[in-house]
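Visitor: I would like a close look at a single part of this model, set in the context of the chain it belongs to. Please take me through it step by step.

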Amino acid sequence: MSDSAYTQLLDLACGAFLLAAVVVLWRRDLATAVRVFALQGLALAAVAALLGAHEHRWDLLAVAAGIGVLRAWALPALMRRALAAGGEARESQPLVNVTASLLTAAALTLLAYAVSRPLVALNPTPATRALPVGLAVALIGFFILVTRRRALSQVVGFLLLDNGITAVAFLAASGVPLIVELGVSFDVLLAVLVLRILTTRMRAVFGHTDIDDLRELHD
Amino acid sequence: MNPAATTVVLFAPVAVPLITAAVFAATRRRDLTAWAGLLSPATILAGGITLAVTVTRHGPVATGNRLLRADALTAWMLLVVGAVATLACAAGPAYLAHERAAGHTDKSGTRRYNMLVHAFLGAMCAAVLAANLGVLWVAIEATTIVTAFLVGHRRTRASVEAAWKYVVICSAGIALAFLGTVLIYYAARQAGISEASALDWPTLAAHADRLDPDVTRLGMALIVIGFGAKAGLVPLHAWLPDAHSQAPAPVSALMSGVLLAVSFTAVLRYKVIADAAVGPEFTRILLATAALLTLALAASVLLGQRDYKRMLAYSSMEHMALIALGAAIGSPLAIAAVLLHIAGHGLAKTVAFTSSGHILHLQRTTRIGRVRALLTRAPGLGAAFALAVLALLGLPPFSLFASELGIVRAGFAAGMGWPTAIALLLVLTAFAALAARTARMLLGAVPDTPAAPLRPARLGAAGLPLAVGLAACAALGITTWPLTRLLTDAAAIIGGH
């Protein structure tokens, strides 16, 4: 693969990655959010695969396949099941409306570019130049996590945060060592399983999954 | 020690609790005897003692292709985890018997509880023993996952709420710590450290001066916020009072007594790297800010606290803030005081939380206002709770007195007079609040109700772990022998720069 084709494909995958996060922020429909999240997982796997092909590291291709299975198939399947069990498919009233959310996403992306200047300066390659995208997705994920009111939307926010961080790891240093990558993926899968079970329990004791009603405990 | 023995000693504290958890998970037919639960804490304690002897004589040991490693700090933390786990696991059967008698849990609930507690211990030991900073992160996140269902043990609205907040806030916080880990890894790779060693703590600590300062600064800030979330430090602390007040008493003891400290040890490990890469000022400012904000928050909430389990939870935040302040000071004296404080706080808080579980069973409420004359109603329990709170207030002979004094002295000696003075003022506020609230619970006249004749409740065998914990905390306050050498060595690892 020529260098310019590699750079263009990498930028394309990263662009799709960031766009997916913005679409999740824009749409309130949870089923759409999960579908877009699966596409984002594919974009992330593509980033890993491109890096592997460019550096002739076949182990990275295997990692990319693993990421594709986990983030484009297993996690979305878990979320879809939780949705099917619940029925609350729409985010009711987020704390911040759509226009303001999208403006915030733009601001967060700028912030990501500003913050990651020293990161890019340390080793300016096509991959590290795309690194702010991962950071931006992580920030958008954090934003979704704190502003959404449905339990499952919060899970989507957490997963975006995690996708963003994984992207940073790939773009900065071609991924963390395999044992750490495996441990992290396993932890994320288990965390989502735990959150899914807790959502079921929340529905059983509260009757719905609105985070705003979690106010039994206060000082 | 020969390689085979090293492997056994390093792997046993992780493997034995995990195997015990698996056995509890697999045994469906009948209850395992209560004392089976003490096997894994005893292994951890024995591992801690063996490692303490080995590392003070021969220096750090490692095994499993540098997967697990023990230095003096590891041995110290392993001893603290072992001691606290022994007390908490010894208190477990009595707690569960009460819960079953009250109908809050059943046989499968008990089995699940035992399984999760031992898996929790295994994950915590893995975090203490991990040489690879990535594995350390994985182990600390695993503790969140395992304890989620312990926090939500009762399945009431309050406990589901606490579990949800706990998992969401801690997972998000710890995700930030992972981003920090990734950045440090990136800096290490660019500094020419090979992929296999770029997250290996000893290698990183030795070559930290080669890391890019700007990237390390960004990474360290994320590490302090991220692992600080699990250690109960501002800004991601909101889960702590909820989770600690809803978890079963022995689990609250484990979470408050050691999990917070184990997460903070991760910050200490990174501090060594960041100090060498960007100088000590940066981490000092980060930690001192987090410490003072946490202290201010804990002290102000303690003033108006009406729930005694939440009161103990905020007291944990107060003590973690003091530990963070000591780490910010960073001199060998301060770090030694920090490590002593971790041990003393672990023991005292375990006794306090365990007795709070007994108080809950006796009074069926966690409201401070509804508990009266505890010393008359249940003299043994009241005395244990009173002594534990006295220890937490930092009164002699308990070790928290010595360690708080050490932190304050080190603070003034290191030119951090102002932060230390502000911290002292806030600690005094918390002292007054905690003392007043506890006195209200312990003293007073027993209300005259003809239906309930006054017969002091007896603690019986359940009092033994409480007495042992208090005795150990007091003994550490009088002398650190035979652990002095270990403590000095451990302090030199973090503060010897």
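Guide: This is a predicted model, and a fitting place to begin is the pattern of contacts in chain B, where, among contacts between residues at least 6 apart in sequence, 81% join residues at least 24 apart. Chain B holds 19 helices and two strands, and its C-alpha atoms fill a box of roughly 80 × 55 × 45 Å along the principal axes. For 497 residues, a compact globule would have a radius of gyration near 23 Å, and the 22 Å found for chain B agrees with that; of those 497 residues, 63% count as buried.

Within this chain, helix H13 of chain B covers residues 332–363, and because each residue should add 1.5 Å, its 32 residues should span 46 Å, which agrees with the 45 Å between its end C-alpha atoms. Since 26 of the 32 residues of H13(B) are buried, this helix is largely enclosed by the rest of the structure. Just after H13(B), B:Arg364 takes a positive phi of about 55°.

As for the partner chain, the contact takes 41 residues from chain B and 36 residues from chain A. On the side of chain B that touches chain A, helix H5 (133–151), helix H6 (157–190) and helix H8 (213–230) of chain B each supply at least two residues, with H6(B) giving the most, 19 residues. By class, that side of chain B has 24 nonpolar, seven polar and 10 charged residues.

Note on methods:
Residues are numbered from 1 along each chain as its sequence is written. Chains are lettered from A and ligands numbered from 1 in the order in which they are written. This is a predicted model: local features need pLDDT of at least 70, side-chain atom pairs count only at pLDDT 80 or more; totals for chains, interfaces and linings use all residues. Two residues are in contact if their C-beta atoms, placed from the backbone, lie within 7 Å. Helices (H or I, at least four residues) and strands (E, at least two) are DSSP runs, numbered from the N terminus. Ala, Val, Leu, Ile, Met, Phe, Trp, Tyr, Cys and Pro count as nonpolar, Asp, Glu, Lys and Arg as charged, and the others, Gly among them, as polar. The expected span of a helix is 1.5 Å times one less than its number of residues. A residue is buried if 20 or more other C-beta atoms lie within 10 Å of its own, exposed if 12 or fewer, and partly exposed in between; C-beta atoms are placed from the backbone. The radius of gyration is taken over C-alpha atoms; the globule rule is 2.2 Å times the number of residues to the power 0.38.
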